[in-house]
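The following exercises concern a protein model and are to be worked through with the structure in view. Each task is followed by a solution in steps.

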Amino acid sequence: MNRFFQIRVDTEALTDEAYAFVTDPTPKRNDRPFIQELHDIYPEMVDVLECMVIDGTEDRQDVADYVDTVFASDGPFTVAGRS
């Protein structure tokens, strides 16, 4: 199916948004537009980010590692141009 559909992901921008979500101490973090988008395309990622909030994740690299894992070539999604 790769020839029909491609999902392009800016992993740096997504990491920035995910990190801001994880480190936001207020409930308003759930109102972020990217969270609404993730609910539509990959709700499991929102669940993991919420667990990071509960766990008290403070290191951006932890979030970056997770984003990279999800969008690595063997993850549930692939980044366009990455094989």
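**Exercise 1.** Determine which residues line the second largest pocket of this predicted model, and how they divide by character.

*Solution.* Step 1: the lining consists of Ile7, Arg8, Val9, Asp10, Leu14, Phe34, Glu37, Leu38, Ile41 and Phe71. Step 2: these residues divide into seven nonpolar, no polar and three charged. Step 3: helix α2, residues 33-41, gives the most to the lining, namely four residues. Step 4: the volume of this pocket is about 190 Å³.

**Exercise 2.** Establish whether Val22 is buried or exposed, and identify its contacts.

*Solution.* Step 1: Val22 belongs to helix α1. Step 2: its relative accessibility is 5%, and buried means under 20%, so Val22 counts as buried. Step 3: leaving aside neighbours within four places in sequence, Val22 is in contact with Leu49, Met52, Val53, Thr57 and Val63. Step 4: the C-alpha atoms of Val22 and Arg60 are separated by 9.1 Å, although these residues are 38 residues apart along the chain.

**Exercise 3.** Explain how the buried residues of helix α4 are arranged, and state what covers them.

*Solution.* Step 1: within α4, residues 60-70, the buried residues are Val63, Ala64, Tyr66, Val67 and Val70. Step 2: viewed down the helix axis, they fall within an arc of 160 degrees, and therefore line one face of α4. Step 3: their cover includes α1 (11-23) and α3 (43-55). Step 4: at the N-terminal end, α4 is capped by Asp59, which has a side-chain oxygen 3.1 Å from the backbone nitrogen of Gln61.

Conventions:
Residues are numbered from 1 along each chain as its sequence is written. This is a predicted model: local features need pLDDT of at least 70, side-chain atom pairs count only at pLDDT 80 or more; totals for chains, interfaces and linings use all residues. Side-chain values use heavy atoms; hydrogens and water are left out. Buried means under 20% relative accessible area, exposed over 50%, partly exposed in between (1.4 Å probe, protein chains only). Helices (H or I, at least four residues) and strands (E, at least two) are DSSP runs, numbered from the N terminus. The arc is that of the directions from the helix axis to the C-beta atoms. Contact means heavy atoms within 4.5 Å. A polar contact is a pair of N or O atoms within 3.5 Å; within protein, one must be able to donate a hydrogen and the other to accept it, and residues adjacent in sequence count only if both atoms are side-chain atoms. On a 1 Å grid over the protein atoms alone, a cavity is a set of points where a 1.4 Å probe fits but cannot get out, and a pocket is an open set with protein on both sides within 12 Å along at least five of seven lines; lining residues have an atom within 4 Å of a point. Grid points are joined across faces, edges and corners, and a volume is the space filled by probe spheres set on the points. Ala, Val, Leu, Ile, Met, Phe, Trp, Tyr, Cys and Pro count as nonpolar, Asp, Glu, Lys and Arg as charged, and the others, Gly among them, as polar.
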